[in-house]
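Me: I have a model open with a ligand in it, and I'd like to talk through the surroundings of that ligand and then a few backbone details. Could you take me through it?

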Amino acid sequence: MAISSEKRARQGTTGRVSLRQPELRDGAALWRLAKDTGTLDLNSPYAYLMWCEHFAGTSVLAEVDGGPAGFVTGFRPPARPEVLFVWQVAVADEHRGLGIAGRMLDALVERLGVRAVEATVTPSNTASRKLFRGFARRRGCACREEPHLEAEHFPGRGHEPEVLFHIGPIQ
Ligand SMILES: CC(C)(COP(=O)(O)OP(=O)(O)OC[C@H]1O[C@@H](n2cnc3c(N)ncnc32)[C@H](O)[C@@H]1OP(=O)(O)O)[C@@H](O)C(=O)NCCC(=O)NCCS
């Protein structure tokens with residue numbers, strides 16, 4: 001995937017983007033990418049290692065010039081394996097706005113052939129909301145949004161509620 005010259009100029013990105021399934025050795029890079037967003041709920045390094053080992057088939061790593069630039073981690077809910085539940089999405093700041101997150105999502109859904117995509121999103125996360133709505137638009141399917149996790153579900157204080165996005169049926 002080549003990056004357009006206009007976006008390159010705006011973002012300073014000169015590289016070529018490639019997408020692949022993550023491996024165990026990528027776990028630390030996923031943890032760093034998540035940490036560097038400053039906004040994602042950061043899980044332990046161990047969690048990202050295990051994700052890369054046991055959920056690699058439902059996850060994707062984006063690289064720019066061979067260096068980690070973004071990821072999607074997902075899983076099939078055991079009772080509904082036709083669904084891809086997206087756990088986290090991150091793109092490094094310097095590579096945002098180039099369509100990398102959208103392409104990762106497209107590639108993952110192509111790879112898996114799932115019938116629906118689900119994710120929870122905080123209402124203030126405009127980029128994330130647009131990412132999932134854009135995916136639904138490209139696929140020509142409905143995007144249902146309903147309250148799901150309330151602030152009280154989380155330990156401590158200050159966590160925003162999360163809205164459940166359900167996108168499907170995907171043809
Ligand atoms: C959310 C995130 C992954 C998007 O990555 P990205 O590669 O920049 O996204 P894309 O370029 O594929 O853009 C996806 C959509 O969001 C829009 N968008 C991207 N960044 C935006 C921003 N800062 N403000 C408003 N819209 C934005 C794009 O225009 C596009 O919408 P469109 O399909 O209607 O054109 C990235 O901003 C990020 O890592 N954020 C921090 C972590 C996070 O919040 N993750 C999501 C919650 S799990």
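Reply: A definition to begin with: Ala, Val, Leu, Ile, Met, Phe, Trp, Tyr, Cys and Pro count as nonpolar, Asp, Glu, Lys and Arg as charged, and the others, Gly among them, as polar. Please also keep in mind that this is a predicted model.

Me: OK, with those classes, how do the residues of the shell around the ligand divide?

Reply: They divide into nine nonpolar, nine polar and three charged residues. Of the 21 residues around the ligand, the ones that come nearest are Val89, Val91, Gly97, Gly99 and Asn125.

Me: Which element gives the largest share of that shell?

Reply: That is helix H5, with seven residues. H5 spans 126–139, and it is joined by S4 and by helix H4 (100–112), each of the three supplying at least two residues of the shell.

Me: Which oxygen contacts should I look at, say for Gly102?

Reply: For Gly102, a backbone N or O atom lies 3.0 Å from an oxygen atom of the ligand, and for Ala127 a backbone N or O atom lies 3.4 Å from a ligand oxygen. Arg96 contributes through its side chain, where an N or O atom is 3.5 Å from an oxygen atom of the ligand.

Me: And how much of the ligand does the protein bury?

Reply: The protein buries 73% of the 920 Å² that the ligand exposes when taken alone. The space that the ligand takes up is the largest pocket.

Me: Switching to the strands, what does S3 pair with?

Reply: S3 (residues 67–75) pairs with S2 (residues 60–64) in the antiparallel sense over five bridges, and with S4 (residues 83–91), also antiparallel, over six bridges. On the S2 side, Ala62 stands opposite Gly70, while on the S4 side the bridge partner of Val72 is Val89, and Val89 is also one of the residues that come nearest to the ligand.

Me: What about the turn between S2 and S3, where is phi positive?

Reply: That hairpin has two residues between the strands, and Asp65 there takes a positive phi near 50 degrees. I would take note of it because most residues other than glycine have a negative phi.

Me: Last one: where is the cis peptide bond?

Reply: The cis peptide bond joins Gly168 and Pro169, with omega about -5 degrees. Pro169 is found in the segment after strand S7 (162–168).

Conventions:
Residues are numbered from 1 along each chain as its sequence is written. This is a predicted model: local features need pLDDT of at least 70, side-chain atom pairs count only at pLDDT 80 or more; totals for chains, interfaces and linings use all residues. Side-chain values use heavy atoms; hydrogens and water are left out. Two strands pair if DSSP finds at least two bridges between them. Helices (H or I, at least four residues) and strands (E, at least two) are DSSP runs, numbered from the N terminus. A residue is near a molecule or strand if one of its heavy atoms lies within 4 Å of it. A polar contact is a pair of N or O atoms within 3.5 Å; within protein, one must be able to donate a hydrogen and the other to accept it, and residues adjacent in sequence count only if both atoms are side-chain atoms. Accessible areas come from the Shrake-Rupley method with a 1.4 Å probe; for residues, only the protein chains shown count as cover. On a 1 Å grid over the protein atoms alone, a cavity is a set of points where a 1.4 Å probe fits but cannot get out, and a pocket is an open set with protein on both sides within 12 Å along at least five of seven lines; lining residues have an atom within 4 Å of a point. A molecule sits in a cavity or pocket if more than half of its atoms lie within 2 Å of its grid points.
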